[in-house]
Amino acid sequence: MQFIGEFAAIGAAIVWAVATWIYSQFSHHFSAMQLNIIKGILASVMMLLVMPFVPMPDVQLEASYVWILGISGIIGIAIGDSAYFASLKRIGASKTLLLESLAPPLSGVLALVALGTALGFQSWLGVIITTIAVTTVVFQPADEHNQKASLSGIGFGLLASVCQASGVVISHFALVQGDLPPLLGALIRLTIGVAAVVLLIGFVEKKPYRKMVEQSKGMNQKNWCWLLAAIFVGTFLALWLQQVALKHANPAIAQTLIATSPLFILIIYAIRGEPISRRSVVGTLFALAGISLFFL
């Protein structure tokens with residue numbers, strides 16, 4: 001199917017926006033790392049249940065590509081998703097997603113620093129426009145009481161963006177060079193990434209698993225249904241679509257289309273009748289314009 005990668009990238013942007021809004025409703029129930037573990041384990045189970053029904057070509061799974069996907073999972077999921085949930089708790093869904101839209105320009109800057117790849121004038125213009133637009137939105141007052149924006153939330157959002165940019169580039173290399181099925185690649189990344197969080201959380205939090213059990217008991221059936229929906233669309237479906245996009249489309253185009261999530265979160269807010277500032281709308285549109293400039 002023509003443009004399957006591009007359609008998958010747009011689909012990933014939509015479902016990620018939906019999931020981010022749902023996750024924001026649960027950020028007060030669990031810590032960032034706890035929520036990362038819960039969504040990672042449940043999404044891995046979902047992938048294992050679906051895998052027997054998805055056509056899988058014969059694959060020679062080389063250890064080197066498993067290691068590469070594992071590194072991608074540790075960077076993008078263990079560190080990146082934990083930082084994403086921490087940002088979500090502090091500055092909300094729309095600002096967190098907008099900070100993640102910095103990932104495509106960051107990919108170019110990281111390539112410049114690490115590989116010495118030159119950026120043209122238009123690319124630098126895209127970086128500048130996107131950065132100014134995102135900064136304008138995320139540093140606006142947090143609410144109508146004119147509270148200052150959370151600097152820690154912005155910091156976690158930036159960390160999530162850097163990890164996403166790095167993880168996507170590494171994952172794309174393994175999927176293409178190893179010719180791996182997207183669902184299998186997503187499962188390997190997710191499993192290793194979550195395993196890393198499970199090993200690390202005990203050093204960061206006191207009695208994390210007891211607290212997870214206590215918080216889980218305090219949630220009613222409706223809340224669990226919403227959380228499972230967020231995990232299905234945001235981790236299982238979005239991660240799968242992301243891998244399809246990275247395998248079948250140019251990674252720059254795929255990442256640009258995935259970065260349109262902030263636009264869809266604004267649409268969700270509008271549908272639900274939630275307040276949207278003019279600065280958020282204008283800043284989001286300018287950020288997306290900057291990203292497009294970066295890759296045109």
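Q: How many helices and how many strands does the secondary structure of the chain come to?
A: Helices (H or I, at least four residues) and strands (E, at least two) are DSSP runs, numbered from the N terminus. This is a predicted model, where local features need pLDDT of at least 70, side-chain atom pairs count only at pLDDT 80 or more, and totals for chains, interfaces and linings use all residues. Residues are numbered from 1 along each chain as its sequence is written, and side-chain values use heavy atoms, with hydrogens and water left out. The tally for the chain is 13 helices and zero strands.

Q: What percentage of the chain's 296 residues count as buried?
A: Buried means under 20% relative accessible area, exposed over 50%, and partly exposed in between (1.4 Å probe, protein chains only). Among the 296 residues, the buried share is 50%.

Q: Is α1 largely enclosed or not, and how many of its residues are buried?
A: α1 has 21 residues and reaches 30 Å from its first C-alpha to its last. That is close to the 30 Å expected at 1.5 Å a residue, the expected span being 1.5 Å times one less than the number of residues. The helix is largely enclosed by the rest of the structure, because its buried residues number 15 of the 21.

Q: Is I14 buried, partly exposed or exposed?
A: I14 sits in helix α1, residues 4-24. Its relative accessibility is 36%, so I14 counts as partly exposed.

Q: Which residues form a nonpolar patch on the surface with I14?
A: Patches take residues with over 30% relative accessible area and no salt bridge (a side-chain nitrogen of Lys or Arg within 4 Å of a carboxyl oxygen of Asp or Glu); like charges are joined within 9 Å, nonpolar side chains (Val, Leu, Ile, Met, Phe, Trp, Tyr) within 5 Å. Together the patch has about 430 Å² of accessible area, by the Shrake-Rupley method with a 1.4 Å probe, only the protein chains shown counting as cover for residues. Alongside I14, the members are F3, F7, I10 and V18.

Q: Which residues have the most contacts inside the largest nonpolar core?
A: A nonpolar core is a set of buried Ala, Val, Leu, Ile, Met, Phe, Trp, Tyr and Cys residues joined through side-chain atoms within 4.5 Å. The largest one has 67 residues. Those with the most contacts inside it are Y23, M47, L227 and I265.

Q: What does S31 touch, leaving out residues up to four places away in sequence?
A: S31 is in the loop between α1 and α2 (32-50). At 17% relative accessibility, S31 counts as buried. Taking contact as heavy atoms within 4.5 Å, S31 touches K89 and E205.
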